[in-house]
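Hi,

Here is the structure I said I'd pass along. Have a look at it first, and my notes follow underneath.

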Amino acid sequence: MALDSKVPQGPLKDKWTDYKNKINLVNPANKRHIDVIVVGTGLAGGSASATLAELGYNVKAFAYQDSPRRAHSIAAQGGINAAKNYQGDGDSTYRLFYDTVKGGDYRSREANVYRLAEVSANIIDQCVAQGVPFARDYGGLLDNRSFGGVLVSRTFYAKGQTGQQLLLGAYSAMNRQIARGKIEMFNRHEMLDVVVVDGKARGIIARNLVTGEIERHSAHAVVIASGGYGNVYFLSTNAMGSNVTAGWKVHKKGAYFANPCYTQIHPTCIPRSGDYQSKLTLMSESLRNDGRIWVPKHLKDVEAIKAGTLKPTQLKEEDRDYYLERRYPAFGNLVPRDVASRAAKERCDAGYGVNATGEAVYLDFAASFVRYGTEQAKIQGINNPSDAKIKELGQEIVRAKYGNLFQMYEKIVDENPYETPMMIYPAVHYTMGGVWVDYNLMTTIPGCYAIGEANFSDHGANRLGASALMQGLADGYFVLPYTIGDYLSDDIRTGKISTETPEFEAAEKEVKERIDFFINNKGTHSVDYYHKKLGKIMWDECGMSRNKAGLEKAIQEISDLRKDFWQNVNVPGTDTEYNEQLAKAGRVADFLELGELFAKDALVREESAGGHFREEHQTEDGEAKRLKEFQFVSAWEYKGEPKDAVLHKEALEYENIEVKERSYK
Amino acid sequence: MNLTLKIWRQKDANSEGQMVDYQISDVSDHMSFLEMMDVLNEQIINKGEQPVAFDHDCREGICGMCSMYINGEAHGPDRGVTTCQLHMRMFNDGDTITIEPWKAAAFPVVKDLVVDRSAFDRIQHAGGYISVNTSGNTQDANSIPIPKQDADTAMDAATCIGCGACVATCKNSSAMLFVGAKVSQYALLPQGQVEAADRVKNMVAQMDLEGFGNCTNTGACEVECPKGISLDNIARMNRELMKASI
């Protein structure tokens with residue numbers, strides 16, 4: 001099948017408006033007869049469920065957690081971008097579009113990104129109307145901060161809990177519709193397959209995670225909003241339950257999977273401490289507004305710090321290497337995430353890592369305490385303040401901005417970041433790749449949509465900070481509700497979809513067989529044993545830098561591990577009870593397939609772009625080297641084993657932006 | 001360190017439960033409490049037995065999923081943390097640790113340490129929202145200035161993660177800190193004024209219907225709340241309810 005992105009004709013800035021003017025609509029009386037399934041209740045799924053229900057569709061929403069409010073969007077800290085230009089610092093829709101395409105290293109689809117930038121301002125209006133308590137200044141107006149890879153302040157925030165507040169906003173909109181009976185909510189349920197009838201997505205097979213019951217659910221369209229697949233690395237900043245299963249199941253039923261190798265390794269996470277570690281914790285990128293990243297300039301100081309004979313605070317300014325400010329004077333500590341992560345790896349690989357594992361750099365707030373403290377002393381009219389007073393005043397400001405993050409750091413690491421610099425290291429955080437969608441956010445299965453992190457479309461090879469929340473809500477509140485109507489306008493006479501059909505029968509049978517296998521296998525190794533092994537292969541060979549030999553090795557190792565898993569995995573308990581190991585076994589089985597496709601995609605992409613860094617393709621000073629012949633989306637078609645997947649290319653055209661060497665110097 | 005764990009095991013909502021003892025050795029100071037539980041479960045699985053079921057997801061203290069009653073305290077001995085952020089450095093070699101689920105009539109046990117908190121969702125369905133459609137055609141976000149103090153206090157209330165520690169720790173199993181926080185967030189913002197009276201009445205009515213107890217001003221909820229939600233929110237909810245009722 002040839003890929004058709006269905007991008008509307010006409011000038012970039014008019015595409016979305018013209019599109020909306022011309023699409024087919026479903027009249028309100030007919031919407032009552034149309035059902036939509038939404039899998040996942042994060043920012044994308046929650047906002048889509050609420051909006052579709054408001055419009056009049058009957059929505060069935062599914063979450064594996066015990067409440068939609070717990071989806072992992074809740075953990076997003078720093079903020080949400082919007083081209084409001086409230087600061088009058090030169091922001092505009094075009095500039096947000098430009099920054100996003102450039103930040104994504106010219107590997108995203110122009111028309112989708114422009115639409116995203118266009119609807120971004122509405123998101124803020126909408127959220128304020130819903131009662132989201134964004135940070136405000138003393139005049140009562142909304143405050144902004146800066147994020148990496150941009151030169152304006154366009155990020156709106158609610159302390160370090162922006163994702164939580166936005167998700168609670170979407171959850172509240174869902175609650176209103178649940179109360180009206182327009183959303184039927186299925187908590188503690190997991191989608192285990194999509195059902196395709198006459199070539200169209202017409203339902204799902206779901207499992208009740210409490211009783212183990214397998215259920216059939218039909219609908220006129222299915223929306224996948226199940227987030228990213230960062231947990232293929234075992235250790236990531238994702239929630240423990242985050243998984244690729246919904247996206248992978250639709251892939252196996254005909255949806256192409258795009259750019260699986262584009263993964264974001266976030267530069268500021270708390271370093272790992274031991275083998276028992278279950279997950280990694282992010283320290284928001286917003287901290288780079290005020291924190292400076294450094295390692296010692298001399299190896300002897302590194303050794304002394306590791307030995308405990310030297311404290312980082314004792315090291316003189318001239319003995320510190322603020323390597324981001326040194327290498328990238330224009331953007332300094334606010335370079336995009338992929339650049340910052342690689343720079344940290346470069347220093348640590350050279351032996352300058354400051355903790356026992358050699359995998360940590362400092363994030364230091366001392367300078368901002370002085371800067372804010374001096375300003376506060378002036379505001380409060382304190383003459384000749386002492387250094388201690390300045391520090392105290394400065395710390396108050398930093399506490400107001402990032403207090404919860406500092407507290408979280410202290411609880412985990414057991415060090416006070418107000419007194420000693422934080423230690424950070426990059427960790428897997430977000431996946432730009434995902435299910436391939438066209439301009440309508442429809443996958444290659446008609447009637448099956450993918451929104452939010454689950455799709456691939458907006459962030460190219462690297463996502464800028466504070467853009468994930470923007471995309472999730474843009475897709476769910478403002479894009480999908482239009483595009484899905486155009487499709488559903490053909491379904492007004494279809495009537496209720498029956499679940500008593502051979503297609504539902506077959507899908508359910510397949511799901512049940514797999515569960516029976518897990519329960520009856522009684523193997524020798526736990527599910528986590530395999531997940532950890534897979535994670536290690538992924539991190540070692542498909543992490544911050546990749547090369548041909550390593551990727552080939554990874555493909556072989558993952559394939560072998562998968563065979564081992566299907567022979568020797570051990571799942572305790574039964575399938576008719578709450579059984580977390582059983583649920584996890586299914587997720588890891590899918591990760592074991594995705595992981596191999598991921599490595600294959602990375603092997604085929606013989607260039608460096610954004611988060612995908614191939615050692616063979618770098619400039620003299622170690623920057624990513626893009627190649628013109630790889631200016632395309634890799635969309636993989638399922639053909640059985642991952643090694644047999646077929647590559648389809650969607651060429652990327654840039655008509656409104658000049659493709660340049662991405663420079664942050 | 002080496003520890004003895006006394007853990008509540010219960011097959012499902014309809015079965016009787018009991019405390020079961022487990023031994024665990026070589027626990028590192030740096031482990032989180034749930035990582036210690038992971039290690040225990042791995043041992044149990046390798047012995048061919050059923051691991052201990054517990055709720056958890058984000059493991060960074062924000063999703064509100066984890067919920068353990070540890071040595072008689074919701075989320076254990078540390079302050080300002082959820083169970084997932086509690087670290088083993090809070091315990092000593094040789095300790096016996098008692099681990100139970102949230103105990104409240106409105107939170108029935110699902111299995112072992114997992115409880116059903118859907119009562120919280122139903123209270124939100126009763127009015128935990130502002131009735132505005134997500135059309136994108138609302139007024140500009142800066143058209144109504146909100147005093148910083150009000151916005152900040154609303155944010156402090158909105159910080160609630162809905163974990164249920166307040167209920168678990170309250171001798172009356174009261175949910176008033178949770179409901180008070182949601183009512184307060186909206187009561188403090190201009191956008192919440194239009195439906196303020198109905199909201200507080202409906203949410204409180206649903207809270208009572210779910211079988212949560214009343215507040216007798218002990219304040220244990222505020223102490224155990226991992227997000228430091230203030231008792232002021234209960235007072236504000238009562239004021240709002242009075243205002244709505246007269």
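Starting with chain B: I count eight helices and seven strands there. Bear in mind that this is a predicted model. The confidence figures for chain B are an average pLDDT of 97, with 100% of the residues scoring at least 70. For the model, ipTM comes out at 0.98 and pTM at 0.97.

Some overall numbers for chain B, in case you want them for setup. Along the principal axes, its C-alpha atoms fill a box of roughly 60 × 35 × 35 Å. Of the 246 residues in chain B, 52% are buried. If you take the chain B contacts with a separation of 6 or more, 70% of them come from residues 24 or more positions apart.

Over in chain A, I went through one sheet strand by strand. This open sheet has five strands in the order β5-β2-β1-β9-β17, and the pairing is parallel. The edges are taken by β5 (183–186) and β17 (448–450) of chain A; each has a single partner strand, so one side of each is left without a neighbour in the sheet. From one strand to the next, the twist averages 20°.

At the β17 end, the pairing partner is β9 of chain A (residues 221–224), and the two strands share three bridges in the parallel sense. One residue to click on is V223(A), whose bridge partner in β17(A) is Y449(A). Lying across both β9 and β17 of chain A is helix α13 (residues 468–488), which runs at about 155° to β9(A).

Shout if anything looks odd on your side.

Cheers

Conventions
Residues numbered from 1 in each chain as written. Chains lettered and ligands numbered in written order. Predicted model: local features only at pLDDT ≥ 70, side-chain atom pairs only at ≥ 80, totals over all residues. Pairing = 2+ DSSP bridges. Helix = DSSP H or I, 4+ residues; strand = E, 2+ residues; numbered from the N terminus. Axes fitted to C-alpha atoms, helices over the stretch in contact; angles between N-to-C directions. Contact = placed C-beta atoms within 7 Å. pLDDT = per-residue confidence, 0-100. Buried ≥ 20, exposed ≤ 12 C-beta atoms within 10 Å, placed from the backbone.
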